Amino acid sequence: MRPTTVLVIPAFCESGRIGDVVRAVRQNDPTLDILVIDDGSTDGTAAEARDAGARVLRHPFNMGYGTALHSGYCAALRHGYQRVLQMDADGQHDPSMLSKLVDELDRGADIVLGSRYIGENAPRSSFARRAGTRLFSWITSQWIGKRITDPTSGFQGLSRRALESVANDGFPEDYPDADMIVQHHRSGLTVREVSVVMHERVGGRSMHRGARIAYYGYKMLLSLAMLPIRRPTPLRMADSVSRAS
Amino acid sequence: MIVEAATMLAVTADATSCSTESITAAELSPMHQRQRIVALLGAATVVLVVFELVRRRKLREEFSWVWIATAGVVSLLTLNQGLLLTITGWLGAASSASTLFFGAIIFLLALCIQFSIRLSRLTHRQRTLAQRMALLEEELTELRKKTPQKIPGAEVKKDEVA
């Protein structure tokens with residue numbers, strides 16, 4: 001029997017794009033359950049996603065990309081899903097590539113990262129982004145002993161084992177990237193990358209912009225440095241979110 | 001007050017760096033009478049403001065004791081110059097007044113750290129509550145879609161759910 005799978009799409013103010021993304025996913029695989037996490041949008045993101053056929057979980061206010069993902073993981077656990085796929089709501093990720101993530105999960109991987117930098121179709125990006133990606137790619141690769149080319153990718157697939165790990169641990173509230181990959185590795189989970197094609201953003205605003213890039217670098221370096229000495233579950237209240245009452 | 005204290009500390013640092021001999025309590029002069037009055041008035045003001053805030057329920061009792069305790073320590077050291085001079089000697093400060101202000105800065109730093117910890121905890125709790133509420137709301141919405149006639153409160157207005 002095929003494991004039940006849900007696609008989690010965190011979204012913040014993606015009105016005008018989220019509907020197309022959900023419809024494209026449904027067109028690609030009509031059987032896939034889609035859960036959009038509306039992270040306190042002030043526009044019609046939730047209604048648009050619902051109208052396009054997705055289930056919508058709405059945060060009462062904006063809590064950040066990491067928290068939106070965490071809510072999606074918790075919802076997946078509460079509903080008994082065996083695996084989770086995740087993609088961005090801005091149209092960068094191609095739904096036809098979801099099958100690649102699923103195939104790699106079928107082969108036994110716990111975490112599958114969709115990398116835009118494997119192969120020859122690597123997209124052009126800003127100098128800061130390229131430098132940051134290379135730095136964290138190098139750190140992550142050194143740490144886990146395996147080449148990771150795109151640690152910032154939000155196009156991922158998670159097995160049930162990985163799902164239980166991320167839903168019950170102290171999941172980062174913002175930018176869960178290289179630090180989470182290392183965390184997965186330290187938890188004994190298998191991390192693999194597959195090549196995917198990513199498109200340019202259709203609109204909206206990137207999380208990695210302006211002064212946030214500097215904060216991202218600081219936060220990620222601090223988080224990576226803390227990993228070996230940090231308590232695995234800093235605040236245990238997170239458990240109460242993922243467990244069905 | 002912080003600027004004044006920082007200036008005094010800088011002067012203290014200069015004084016201590018120039019001196020090669022350690023300062024004993026006997027060599028230090030006690031606080032000037034006017035400084036003592038200012039310190040006592042400051043401590044009394046803190047106590048009065050804190051009591052008034054607690055009376056108006058704008059400050060919780062659990063946070064008030066730290067301020068009262070600090071005002072008490074400042075008053076004690078101001079009134080007991082011997083103790084203040086001994087501590088000043090231990091610290092190697094040039095004057096007893098700078099010891100008092102140095103203590104006040106340390107207290108403020110400790111308070112800031114304590115509030116940062118509390119803020120982090122409250123932020124995490126707020127996040128958890130909001131997530132739990134969102135999950136339950138989504139489950140309720142799905143449940144109502146499936147069996148609208150059997151769920152009590154299914155006739156609730158649409159905008160309450162959306």
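User: How do β1 and β2 of chain A pair, parallel or antiparallel, and over how many bridges?
Analyst: This is a predicted model. In it, strand β1 (residues 5-11) of chain A pairs with β2(A) in the parallel sense, over 6 bridges.

User: Which residue of β2(A) is the bridge partner of A:V6?
Analyst: A:D33 is the bridge partner of A:V6.

User: And what makes up the β-α-β unit with β1(A) and β2(A), and what is its hand?
Analyst: Helix α1 (residues 18-28) of chain A joins β1(A) and β2(A) in a β-α-β unit, and the unit is right-handed.

User: What about β2(A) and β3(A), how many bridges there?
Analyst: Strand β2 (residues 33-38) and strand β3 (residues 55-58) of chain A are joined by 4 bridges and run parallel. One of the pairings puts A:V36 opposite A:V56, its bridge partner in β3(A). Here too there is a right-handed β-α-β unit, made of β2(A), helix α2 (residues 45-51) of chain A and β3(A).

User: Why call β2(A) largely enclosed?
Analyst: Of the 6 residues in β2(A), 5 are buried, so the rest of the structure largely encloses the strand.

User: Staying with strands, where does A:Q86 sit?
Analyst: A:Q86 is in strand β4 (residues 83-86) of chain A.

User: Buried or exposed?
Analyst: Buried, because A:Q86 has 26 other C-beta atoms within 10 Å, and the cut-off for buried is 20 or more.

User: What does A:Q86 touch, leaving out residues up to four places away in sequence?
Analyst: A:Q86 touches A:V8, A:L69, A:G72, A:G154 and A:Q156.

User: How far is A:L98 from A:Q86?
Analyst: Their C-alpha atoms are separated by 8.9 Å, and the two residues are 12 residues apart along the chain.

User: Switching to helices. What is the span of α8(A)?
Analyst: Helix α8 (residues 211-226) of chain A has 16 residues and reaches 23 Å from its first C-alpha to its last. That is close to the 22 Å expected at 1.5 Å a residue.

User: Which residues of α8(A) are buried?
Analyst: A:Y216, A:M220 and A:S223 are buried in α8(A). Seen down the helix axis, the buried residues of α8(A) fall within an arc of 70 degrees, so they line one face.

User: Why would residues three or four places apart point the same way?
Analyst: An α-helix has 3.6 residues a turn, so residues at that spacing point the same way.

User: What do the buried residues of α8(A) pack against?
Analyst: They pack against α5 (127-144) and α7 (178-186) of chain A.

User: And what is on the face turned away from the buried side of α8(A)?
Analyst: That face of α8(A) carries the exposed residues A:A211, A:A214, A:Y218, A:L222, A:A225 and A:M226.

User: Why is A:L222 classed as exposed?
Analyst: A:L222 has 10 other C-beta atoms within 10 Å, so it counts as exposed, the cut-off being 12 or fewer. The C-alpha atoms of A:L222 and A:Y81 are separated by 33 Å, with their positions 141 residues apart along the chain.

User: Give me the overall numbers for chain A. How many helices and strands?
Analyst: Chain A has 9 helices and 7 strands. Of its 245 residues, 47% count as buried. Among chain A contacts between residues at least 6 apart in sequence, 79% join residues at least 24 apart.

User: Now chain B. How many helices and strands does chain B have?
Analyst: Chain B has 6 helices and 0 strands, and its pattern along the sequence is α-α-α-α-α-α. Buried residues make up 17% of the 162 residues in chain B. Of the chain B contacts with a separation of 6 or more, 66% are between residues 24 or more positions apart.

User: Which residues of α4(B) are buried?
Analyst: In helix α4 (residues 81-91) of chain B, B:L84, B:L85 and B:T88 are buried. Their arc, seen down the axis of α4(B), is within 95 degrees, so they line one face of the helix. The buried residues of α4(B) pack against α3 (61-79) and α5 (96-146) of chain B.

User: What about the face turned away, and what comes just after α4(B)?
Analyst: The face of α4(B) turned away from its buried side carries the exposed residues B:G82 and B:W90. Just after the helix, B:G92 takes a positive phi of about 80 degrees.

User: Last topic, the interface. How many residues of each chain are in contact?
Analyst: 13 residues of chain B are in contact with 18 residues of chain A. The chain B side has 4 nonpolar, 3 polar and 6 charged residues.

Conventions. Residues numbered from 1 in each chain as written. Chains lettered and ligands numbered in written order. Predicted model: local features only at pLDDT ≥ 70, side-chain atom pairs only at ≥ 80, totals over all residues. Contact = placed C-beta atoms within 7 Å. Nonpolar A, V, L, I, M, F, W, Y, C, P; charged D, E, K, R; others polar. Pairing = 2+ DSSP bridges. Helix = DSSP H or I, 4+ residues; strand = E, 2+ residues; numbered from the N terminus. Right-handed = clockwise from strand over helix to strand, strands pointing away. Expected span 1.5 Å × (residues − 1). Arc of directions from axis to C-beta.
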